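Hi,

Here is the structure I said I would pass on. Have a look at it, and then read on for what turned up.

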Amino acid sequence: MQSMRHKQVLNQSLYDRLEATFGSVVIHSEGESFLAKKRKRAFSKNGRYPYYLDIMSSGEYYAVDCPVCGDSRHRLWINHMWGQTFEGMRLNHLCCCYNEGCTELDGFGKTLIDLLDPKTLTSVVKRTTVTVETKFLRELPGTTMSLVELPQEHLLRNYMQKRGFSMEVLDSWGLCWITDSQHPKIHDTNRLLIPINLVQQGREQMGAWQTRYFDYHTGSPNSPSKKIPKYLIQGPTRLIVYNLHNVDTDFIVICEGVFDAIRVGKAHGVCTFGKHLTTKQAELIEDRIISRGGFVVFAFDPDVTAKQWDKLQERIKLWPNTQYLHFPPGVDIADYTQKQANLLVEQIKENIKERI
Ligand SMILES: [Zn+2]
């Protein structure tokens, strides 16, 4: 059962905890976003704390009676982002006692953490991130041709059809064929191009791209030498979750690769470009899915190492609704037929209905 909500606040879980702990909470700057830029320090001692946050707008504040100085006028202000991460940095310092300056005292942070136990806060706030230094790739690495326009005898058609992907479906995901490229990392034109889009400044734009080797003379999907990578990926993909901006927010299936996500489908399939979930990717998923009560289903390949698994578990331990799919060794979701994958998605949908 969800507790009754008196107010629409940006961090409901923190607000409720403060109300339960302190009795009364006064809201300041209601609804204001937290806007900050992560910057690198010109100089840092021993290489510690190499980054700092340049805060442009600090957001909503919850004011309570300071537990240290005996204040009774709600003079301890706690930011709605307190205890959250932002661009990978934990924000435990965003509070201020305007009565006696208690927040400057050694041990104040621990007092507050002991009182509020932020590890057990479940909701995730709505974050507004301003990233200016990110170098997204806006240009395609060559001239391209739409997959549906490839000649009937083009061997990619046959290969993809065998794997159960139609040219029409791949085209609807923006995949295309590189006909000519001057890009220094593309030594041949045997390449399928996968533009990696995200929403920026309110519209969908490319931010990175990936290519996949395919020899259209012989039909071989494997690259002839180690010097030519099967997959070539360029751009800040650690900051992107593929297709996250298109999904329905009731649940997502997180896959490793683009073809896995395509198999799951546009309404639920996303990928992280590997067996990992970066801090930024986790934040994006929290903002779009977790904060709306959505479910997260992991469909990583079975060969994830114990270390990768532990790291993932640690990052997502506060996510309330997670589920894991298990595949036999050597099988991933892209190996499913479309029918099997659709059935799987239907089953997830049913399971989730039962759990709500
Ligand atoms: Zn105080």
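Ile-196 sits in strand 11, residues 191-200 (helices and strands here are DSSP runs, H or I of at least four residues for helices and E of at least two for strands, numbered from the N terminus). Ile-196 has 24 C-beta neighbours inside 10 Å, so it counts as buried; the cut-offs are 20 or more other C-beta atoms within 10 Å for buried, 12 or fewer for exposed, and partly exposed in between, with C-beta atoms placed from the backbone.

Before going further, the ground rules. This is a predicted model, where local features need pLDDT of at least 70 and side-chain atom pairs count only at pLDDT 80 or more, while totals for chains, interfaces and linings use all residues. Residues are numbered from 1 along each chain as its sequence is written.

Back to Ile-196: leaving aside neighbours within four places in sequence, its contacts include Met-206, Trp-209, Ile-240 and Tyr-242 (contact means C-beta atoms, placed from the backbone, within 7 Å). Phe-327 is another matter: Ile-196 and Phe-327 are 131 residues apart in sequence and 26 Å apart in space, C-alpha to C-alpha.

Now the domains, whose bounds come from an automatic or database assignment. There are domain 1 (12-120), domain 2 (138-235) and domain 3 (238-356). Between the C-alpha centres of domain 1 and domain 3 the distance is 32 Å.

The largest nonpolar core (buried Ala, Val, Leu, Ile, Met, Phe, Trp, Tyr and Cys residues joined through C-beta atoms within 7 Å) has 52 residues, and Tyr-242, Ile-252, Ile-254, Cys-255, Val-270 and Val-297 have the most contacts inside it. Domain 2 and domain 3 both give residues to this core, so it lies between them. A second, separate core has 24 residues, among them Val-9, Leu-10, Tyr-61 and Cys-95.

There's also an open sheet of 4 strands, order 1-4-5-8, paired antiparallel (pairing needs at least two DSSP bridges between the strands). Strand 1 (26-28) and strand 8 (95-97) are at the edges with a single partner strand each, so one side of each has no neighbour in the sheet. On average, neighbouring strands are turned by 25 degrees against each other, direction ignored (axes are lines fitted to C-alpha atoms, for helices over the stretch in contact, and angles run from 0 to 180 degrees between N-to-C directions). Strand 1 and strand 4 (61-64) are joined by 3 bridges, and Ile-27 stands opposite Tyr-62 in strand 4. Helix 1 (12-22) lies across strand 4 and strand 5 (76-79), at about 5 degrees to strand 4.

Cheers

Definitions and conventions. Contact = placed C-beta atoms within 7 Å.
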